[in-house]
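Biologist: Please take a close look at one part of this structure, the interior, and begin from the outside so that I can follow the way in. I am new to this, so a slow and careful account would help me.

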Amino acid sequence: MTMVRTPPPLPVRDKAAARALSPMLNRLAEERATGVLVREHGTLHLAEGRVVHAESPLAPGLDVLLTAHGTLATAAWQRAAAAAEGPLRAAELLLESGLLPAGALELCHLDALYDAGYFALAPSSTPGRFHYDGAPRTGTLPSVPVVALERETLRRRLQLHRLWPEPAADTAPLIRADPLLRDTGPAPSAPARPARRTPVAPRQRAVLDRVDGIRTAADIARELGRQAFHTLVDVRRLAAAGHLRPLAPVVSVPPAPPPTAPEQARNLPPPLPPVTDPDIALLKRLRDALEAL
């Protein structure tokens, strides 16, 4: 009898988990709302329920991605930005003037959108705010559905977690760390530490060369003109290999408040016993005896 082994089922993405990224964003998508959703780590621009633009202080903008590697001259972007309202309209002006090929602009636009959208949908400690805008959007740049942005955000979170599960390196200043010797001790439950002289790929070397204890991953991404998420991938790989680590925050200890009057009284030494007449007489006899010597 021949046994047929069936492969395990493919994992099914939890739709409820995807919706949990931002219930407000999903409601706005269902309403086909137009406006701006402001969250703690980024901003999403919606048009009829679709994401048309995203911005985050943790991700390079469209201008950086276009100008960093010669796709567009910096001066050309500056002129377009001065004549337009917002980066989307500036990009469309460049497209209309023939200074940018449509394919390159669309690619950079989607890269910037997904990059900033990843941070905009990060867990937040404050509620989001949405500002409705009734003006229709007539631009030519592509938009993406909310479900596509959430799906890609979840995929990126999982990828980073698999590379190195500690997220502190994503936002903290980075410092170099000497690679550790591989742990060959008897404790099988402890994770193996990276071996010394782990090879560094040229792409990762460009990131490691900018680690100085001051720059964050976002700073390095802007200097290199790369997407922030791709830089995070390199940072976490370098952290897993033992080449860098996040700089621990300095915890300042506040000075202790001055003690109150009852506390001062408790901290004083006990008072000396009172001196009596027999004690005085004894001291005089001791003094006379010392003088006789």
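**From the surface inwards**

Modeller: R32 counts as exposed, at 53% relative accessibility, because exposed means over 50% relative accessible area, while buried means under 20% and partly exposed lies in between (1.4 Å probe, protein chains only). Before going further, please keep in mind that this is a predicted model, in which local features need pLDDT of at least 70 and side-chain atom pairs count only at pLDDT 80 or more, whereas totals for chains, interfaces and linings use all residues. Residues are numbered from 1 along each chain as its sequence is written, and side-chain values use heavy atoms, with hydrogens and water left out.

R32 sits in the loop that runs between α2 and β1 (35-39), where helices (H or I, at least four residues) and strands (E, at least two) are DSSP runs numbered from the N terminus. Although R32 is not a glycine, its phi is positive, at about 55 degrees. E48 also has a positive phi, near 55 degrees, and is likewise a residue other than glycine. The loop that holds E48 lies between β2 and β3, and this residue counts as partly exposed because its relative accessibility is 48%.

Turning from these loops to the chain as a whole, we find twelve helices and seven strands. Of the 293 residues in the chain, 35% are buried. If we take the contacts (heavy atoms within 4.5 Å) between residues at least 6 apart in sequence, 70% of them join residues at least 24 apart.

With that background, what makes up the largest nonpolar core? A nonpolar core is a set of buried Ala, Val, Leu, Ile, Met, Phe, Trp, Tyr and Cys residues joined through side-chain atoms within 4.5 Å. The largest one contains 43 residues, and the residues with the most contacts inside it are L25, L44, V51, L149, L174, V235 and L244. Two or more residues of this core come from each of α2 (23-31), β2 (42-47), β3 (50-55), α6 (102-120), α7 (146-163), α8 (202-208), α9 (217-224) and α10. The largest share, seven residues, is supplied by α10. As background, nonpolar side chains in soluble globular proteins tend to be buried together.

L174 lets us see what surrounds one member of this core at close range. Leaving aside residues up to four places away in sequence, L174 touches A169, V211, D212, G213, I214, R215, A217, I220, V235, L244, R245 and P246. Among these neighbours are V235 and L244, both of which also appear in the list of residues with the most contacts inside the largest core.

Helix α10 itself covers residues 228-240, and T231 is found in it. Is T231 buried or exposed? T231 is buried, because its relative accessible area is 0%. Its contacts, again not counting residues up to four places away in sequence, are with V207, A217, I220, A221 and R226. Two of the residues that T231 touches, A217 and I220, are also touched by L174.

R156 belongs to helix α7, which is one of the elements that give two or more residues to the largest core. Although arginine may not be what you look for in an interior, R156 counts as buried, because its relative accessibility is 7%. Beyond residues up to four places away in sequence, R156 touches Y114, D115, Y118, Q227 and F229. R156 and F229 are 73 residues apart along the chain, yet their C-alpha atoms are separated by 8.0 Å.

Apart from the largest core lies another core, which has 19 residues, among them A47, L62, A76 and L88. L88 leads us to helix α5 (residues 87-96), in which the buried residues are L88, A90, A91, E92 and L94. The buried residues of α5 pack against β3, α3 (62-67), α4 (74-83) and α6. Of these partners, β3 and α6 also appear among the elements that give two or more residues to the largest core. Just after α5 comes G98, which takes a positive phi of about 80 degrees.
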